[in-house]
Amino acid sequence: ALPISAPRGQHTIHFKALYNKKVIDGLVLKLNLISDPQKPVHVSVKYDQKAVFVAGLTFPEFMVSVLSEDDTIIKNVKPGSVSMKMWKGESSGGRPPPDNVTTMKCSKLTVIGRAHV
């Protein structure tokens, strides 16, 4: 098996061989790579940007959508696999968050694939 990773679209693979310092042309394989509608690649978060969060009260509701390679919402996301981590301080960028974080789990999943945390 030959694993392939490339941008979606039309591609060709041209097989050649070298025999006694001579190039021998082989098969030209044409591929049409399509997006994987089940591969999560992006998270979209929608919320009321005017909402005020008061310490000690209920966190404002927001919607999280997990988007696939083709920018569609993945509808079979399990609520237990969605969580949000929150901590005081600067964003960690590519680093993992510190140990003392608050983790919020998904409380419900709507029919259209949006999770409410």
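**Exercise 1. Find the greasy patch.** Which residues make the nonpolar surface patch of about 470 Å²?

*Solution.* Start with the members: L2, I4, F15, L27 and L29 together make this nonpolar patch on the surface. Keep in mind that you're looking at a predicted model. Next, pick one member and place it: L29 sits in strand β2. Then check its exposure. L29 has a relative accessibility of 31%, which puts it in the partly exposed class. A patch residue needs over 30% relative accessible area, so L29, at 31%, makes the cut.

**Exercise 2. Sketch the fold.** How many helices and strands does the protein chain have?

*Solution.* Count the elements to begin with: there are zero helices and eight strands. Walking along the sequence, you'd write that down as β-β-β-β-β-β-β-β. Now ask how much of the chain is tucked away: 16% of its 117 residues count as buried. As for the outside, the accessible surface is about 9,600 Å², and carbon and sulfur atoms account for 56% of it. Finally, take the contacts between residues at least 6 apart in sequence: 42% of those join residues at least 24 apart.

**Exercise 3. Track down the positive phi angles.** What are the phi values of N20 and K21, and where do these residues lie?

*Solution.* First, the background: most residues other than glycine have a negative phi. Now look at N20, whose phi is near 50 degrees, a positive value in a non-glycine residue. K21 is another such case, with phi near 65 degrees. Then locate them. N20 belongs to the loop between β1 (9-19) and β2 (22-33), and K21 is in the loop between β1 and β2 too. Last, check exposure: N20 is exposed at 66% relative accessible area, and K21 is exposed at 82%.

**Exercise 4. Work out the salt bridge.** Which residue forms a salt bridge with E69, and why does the pair tie together separate parts of the sequence?

*Solution.* Recall the principle: side chains of opposite charge can pair when their charged atoms come close. A search of the whole structure turns up one salt bridge. Its partners are E69 and K39, with the closest N and O atoms 3.4 Å apart. E69 is in the loop between β4 (62-68) and β5, while K39 is in the loop between β2 and β3 (40-47), so the pair links parts that are 30 residues apart in sequence. How covered are the two? E69 is partly exposed at 29% relative accessibility, and K39 is partly exposed at 40% relative accessible area.

**Exercise 5. Look across the chain from P40.** Which residues does P40 touch, not counting those up to four places away in sequence?

*Solution.* Place P40 first: it's in strand β3. Its contacts beyond those sequence neighbours are V66, L67 and I74. Take V66 and check the backbone: the C-alpha atoms of P40 and V66 are 6.3 Å apart, although the two residues are 26 apart along the chain. P40 is exposed, with a relative accessible area of 52%; the exposed class starts over 50%.

**Exercise 6. Do the same for S83.** Is S83 exposed, partly exposed or buried, and what does it contact?

*Solution.* S83 lies in strand β5 (residues 83-86). Its relative accessible area is 38%, so S83 counts as partly exposed. Leaving aside neighbours within four places in sequence, S83 contacts T103, M104 and K105. For K105, the C-alpha distance to S83 is 4.4 Å, with their positions 22 residues apart along the chain.

Definitions and conventions:
Residues numbered from 1 in each chain as written. Predicted model: local features only at pLDDT ≥ 70, side-chain atom pairs only at ≥ 80, totals over all residues. Heavy atoms only, no water. Helix = DSSP H or I, 4+ residues; strand = E, 2+ residues; numbered from the N terminus. Buried < 20%, exposed > 50% of the residue type's maximum accessible area, 1.4 Å probe, protein only. Contact = heavy atoms within 4.5 Å. Areas by Shrake-Rupley, 256 points an atom, 1.4 Å probe, with all protein chains shown as cover. Patch = residues over 30% accessible without salt bridge, like charges linked within 9 Å, V, L, I, M, F, W, Y side chains within 5 Å. Salt bridge = Lys/Arg side-chain N within 4 Å of Asp/Glu carboxyl O.
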